[in-house]
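Colleague: I'm new to this one and would love a close look at a single part of it. Could you take me through the aromatic residues and what surrounds them?

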Amino acid sequence: MKHFITIASIFAFSFSAKAQVSGKHMGSTGVGGDLSIQNSDGKMIPIGAQADTKGSPLFLEQWVNGTVNLKNGSKFNDSALNYSLYEDKLYFKRDNQFFIVAGIINDFYLASAEDNKAQNLYHFVSGYPASAATNENTFFQLLCDGSRYQLLKWQHKKIREVYNYGGINESEYVNQEAYYVFQKSTHKLYSIAANKANALQIKNTLSIDESIWKAYLENHAAHSKGESAMIEFMGALNNL
């Protein structure tokens, strides 16, 4: 039986950013900046990237409402959650102090920054088979779910150094993303070989019959490019 419990009873204190946060990641703008904690010797240990790195390591610009489901069946809601794509960790915030969700997470929902209400628009799930770039603990954004297939989006942020000849070198967060299809009947994870979102790549990856693809295009006036087209096509495959 699932239990709905308070946030305080399942979080382990991970680190405090109070008084150690500086630069662009101070306050609510991000996690993974110039953060540090004290070890048993009193020495400061840095965590994450440097504070002068341009951009944000977080999935959303604002801290939002969300729901977290743990592997043990526990569930909780919180009003200040965000996901670090740089560190692959889910955080919550209290009075400008940042904490890592310490329980083993099965999946979590985040509301959009524009619609920070009860309805949750971003769903992240782990537990899929390992691939060349991911493992069973990797979180994917679940874009489409059906009886046969799931469309998944993997996202990560890395730091890129920008070298300016004769000037000051800079660094910035750069977003990486890739799409996958999970086939429920075979429990297989397929990587969609595409630099950009395109429904045609799903058709090619899954070896969908040409007649099915042509019938889909006849009933959908929109072109096959873009994430929305991938979601629509995956929905159509699940309805076959």
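**The aromatic cluster and its surroundings**

Modeller: Happy to. Let's start with a cluster in which ring pairs link Phe59, Tyr83, Phe108, Tyr122, Phe124 and Phe139. Keep in mind that this is a predicted model. Across the structure there are 16 aromatic pairs.

Take one pair, Phe108 with Phe139. Their ring centres sit 5.3 Å apart and the planes meet at 65°; an angle over 60 counts as edge-to-face, so that is what we call this pair. Now look at where the two partners come from. Phe108 belongs to strand β8 (residues 105-110), while Phe139 is in the loop between β9 (122-125) and β10 (140-145), so the pair links distant parts of the chain, 31 residues apart.

Are these two rings' residues buried or exposed? Phe108 has 0% relative accessibility, so it counts as buried. Phe139 has a relative accessible area of 12%, and because the cut-off for buried is under 20%, Phe139 is buried too.

Phe139 also takes us to the largest pocket, which holds about 210 Å³ of space. Its lining is made of 14 residues, and Phe139 is one of those nearest the pocket's centre, along with Asp88, Gly103, Ile105 and Asn137. Sorted by character, the lining has 8 nonpolar, 3 polar and 3 charged residues.

Asp88 deserves a stop of its own. You'll find Asp88 in the loop between β5 (74-84) and β6 (89-94). Its relative accessible area is 34%, so Asp88 is partly exposed. The phi of Asp88 is near 55°, a positive value in a residue that isn't glycine. As background, most residues other than glycine have a negative phi. Ser207 is another non-glycine residue with a positive phi, about 55°. Ser207 sits in the loop between α1 and α2, and with a relative accessible area of 63% it is exposed.

Those helices bring us to the packing inside the chain. The largest nonpolar core has 19 residues, and Leu151, Val181, Ile202 and Phe233 have the most contacts inside it. Which elements give two or more residues to this core? They are β10, β11 (149-162), β12 (170-183), α1 (199-205), α2 (210-219) and α3 (227-238). The largest share, 5 residues, comes from α3. Apart from this core lies another, of 18 residues, and here our pair turns up again: Phe108 and Phe139 are among its members, as are Phe59 and Val68.

Back in the largest core, Leu151 shows how the pieces meet. Leaving out residues up to four places away in sequence, Leu151 touches Gln141, Leu142, Leu143, Cys144, Tyr180, Val181, Ile202, Met230, Ile231 and Met234. Leu152 lies in strand β11 and, at 0% relative accessibility, counts as buried. Beyond its neighbours within four places, Leu152 is in contact with residues including Tyr128, Phe140, Ala178, Phe182 and Leu189. Leu152 and Leu189 are 37 residues apart in sequence, with their C-alpha atoms 9.5 Å apart in space.

To step back to the whole chain, its secondary structure comes to 3 helices and 13 strands. Of its 240 residues, 45% are buried. Links between far-off stretches, like the one between Phe108 and Phe139, fit into a wider count: among contacts with a separation of 6 or more, 54% join residues 24 or more positions apart.

Methods:
Residues numbered from 1 in each chain as written. Predicted model: local features only at pLDDT ≥ 70, side-chain atom pairs only at ≥ 80, totals over all residues. Heavy atoms only, no water. Phe/Tyr/Trp six-rings, centres within 6.5 Å; stacked < 30°, edge-to-face > 60°. Helix = DSSP H or I, 4+ residues; strand = E, 2+ residues; numbered from the N terminus. Buried < 20%, exposed > 50% of the residue type's maximum accessible area, 1.4 Å probe, protein only. Core = buried A, V, L, I, M, F, W, Y, C linked by side-chain atoms within 4.5 Å. Contact = heavy atoms within 4.5 Å. 1 Å grid on protein atoms, 1.4 Å probe; cavity = no way out; pocket = protein on both sides within 12 Å on 5 of 7 lines; lining within 4 Å. Points joined across faces, edges and corners; volume = space filled by probe spheres on them. Nonpolar A, V, L, I, M, F, W, Y, C, P; charged D, E, K, R; others polar.
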